[in-house]
Amino acid sequence: ERAPPPPRRQRHARRRSSFSPHKATVPPVPPVPVPPAAAPPTSTAAPPSLERSSSLGAADREGAPQVASERSGEQEAARSPAWSAAEELKGRGNGKYEAKDYAAALQYYQRALGALGAHPLCEAATGGGRDLVAPAATAAGAAAVRSRASSYHANCAAALTQLGRLSEALRECDAALRLDAALPKSLLRAAHVFMSLGEYVRARELYERASRAGATADGANGLRMCGEAEQEMGRVGSELAALRRAGAQCKSRQAFRDLSSRLEASCLRCAHNEALKALRAELLAAGGDFGEARSICLAAIGKPDASGPSHGALWSYTLGRVLYDAGDLVGAEERLSEAMARPGTPAAAKQLLRLAQRLEVERQAGNAAFKRGEWAAAAAGYTRGLQLDPNNGRFNALLYCNRAAANARRDSLLEQALSDCNMAIVLDTTYAKAYLRRAELRLRVGKRQLALDDFGLARRHDPRGTVGAEAAKRSAEVRAAAAGSSHSHGYSGGARSPPGGV
């Protein structure tokens, strides 16, 4: 006997399920510090536009006509020889991509775009030279051509990413999204590039758009990767702040060496991640290698087209940070102001600019009071500066040393002046002027041998500078005075007021 026909609902469900296309997948981007490895461009028979309709549910009764329209549009577009020629070139490009010959793959993808440009529906797709009101069939075909061109641009972006030409890859992503702003493949490709550059905010935005466009799993995975990368960058930032607080002695700490090794390894693996390179420059400055840190920043600023749109803002900020740590507040203000005027400015730029401006105001106030002989006002200015940024250990060493010079002018505050010198040396063990000032103070309180030790340290840390020369001269004078009074009951002279000013 003939089997009874299936229920009507099942027949409809079967008919609707026949519209479900093959869904192309884009491999997830690995989290930083591992660089995201671009996957070969997917080659599917169904146009990318069908991916969106399937993600919305091909079994949905209202969505089925749209899927049928898109399929009919692809069938209409495929009648032209230009379509098949473009697809053949794209297939050859995919083969080269899988063989890791990315330059050849890029050429094939570009040729595929050129072949598709000869399609008779191409003008209708772009709105050029055709009636604004096109027949429904022509509109569907033009949409298929536009979606396929968007896919080819995304393939070009993948090849350019592998070749390290990320700024060009971003332009290809922009072209793809202009043609089809909701194509998941293009959105994921652009997010991939921004992840490679370390621009996680922009990458997150694109992953969210890809999720809404139908790439739910890949979008969610990309968002998870962004979150992990941002957390790691936050941890690195916290470690950097702790090292800055320690001042110059941070370079001798195990935490500095560990963080330096991690960042160097990450920069080697993620050759295009600008955020990691900037953090490495900041770490070098925190350890006192200002020359190398400054060179890294200037080299990056000299290549404005090397990466994404926020490249200039990132490196202007980083150079401002390096100059700030070096105590060049005027130079820091200039670079931070440049960063504030560019798109994509790091969130920390505004606060750091305000700190630099306020610190310079307080330092100048203290220096002006010192020159007028107003010791209490000078010390107050330096104290206000010390309260502004406890993380800037190296600059705070300078402020402690200046306050010691002001307090040393009053005999009642000699112990406070000595304490300030000690703090300056704790924050910067190479600060020759702090050793010289402490030596003079120790002479005044009768600690001759300790003073001679400090004179020697000042000479060691500034062997050819004016501070080292002054320390050598004073050491010789103290020794001569001690030798001349060797037959007396004690040493009673030779001390001077510590050198003042900034």
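**Helices, Salt Bridges and an Unusual Phi**

Colleague: What is the relative accessible area of Arg-202?

Modeller: In this predicted model, Arg-202 belongs to the partly exposed class. That class lies between the buried limit of 20% and the exposed limit of 50%. The relative accessible area of Arg-202 is 28%.

Colleague: Which residue meets the side chain of Arg-202 in a salt bridge?

Modeller: The partner lies in helix 10 (residues 200-213) together with Arg-202, 3 residues apart, or about one turn of the helix. This partner is partly exposed, at a relative accessible area of 37%. With 3.0 Å from N to O, the salt bridge joins Arg-202 to Glu-205.

Colleague: Which helix holds both Arg-92 and Glu-88?

Modeller: The two side chains form a salt bridge at 2.9 Å, N to O. Arg-92 is partly exposed at 43% relative accessibility, and Glu-88 is also partly exposed, at 45%. Because they are 4 residues apart, about one helical turn separates them within helix 4.

Colleague: Are Asp-454 and Arg-438 buried or exposed?

Modeller: Their side chains meet in a salt bridge of 2.8 Å, N to O. The pair links distant parts of the chain, with Asp-454 in helix 22 (residues 448-461) and Arg-438 in helix 21 (residues 432-444), 16 residues apart. Residues under 20% relative accessible area fall in one class, and Asp-454 and Arg-438 are both buried.

Colleague: How many salt bridges does the chain have by this rule?

Modeller: Opposite charges on side chains can pair when the charged atoms come close. Some of the bridges share partners, and Glu-232, Arg-235, Glu-239 and Arg-262 are joined in this way into one network. The count of salt bridges is 27.

Colleague: Which residue that is not a glycine has a positive phi of about 65°?

Modeller: A negative phi is found in most residues other than glycine. The residue in question sits in the loop between helix 4 (81-98) and helix 5 (102-117). It counts as exposed, with 61% relative accessibility. The residue with this positive phi is Lys-100.

Colleague: What percentage of the residues in the chain is buried?

Modeller: The chain contains 23 helices and 0 strands. Of its contacts with a separation of 6 or more, 63% come from residues 24 or more positions apart. The chain exposes about 23500 Å², of which carbon and sulfur atoms supply 53%. Among the 502 residues, the buried share is 49%.

How values were computed:
Residues numbered from 1 in each chain as written. Predicted model: local features only at pLDDT ≥ 70, side-chain atom pairs only at ≥ 80, totals over all residues. Heavy atoms only, no water. Helix = DSSP H or I, 4+ residues; strand = E, 2+ residues; numbered from the N terminus. Buried < 20%, exposed > 50% of the residue type's maximum accessible area, 1.4 Å probe, protein only. Contact = heavy atoms within 4.5 Å. Areas by Shrake-Rupley, 256 points an atom, 1.4 Å probe, with all protein chains shown as cover. Salt bridge = Lys/Arg side-chain N within 4 Å of Asp/Glu carboxyl O.
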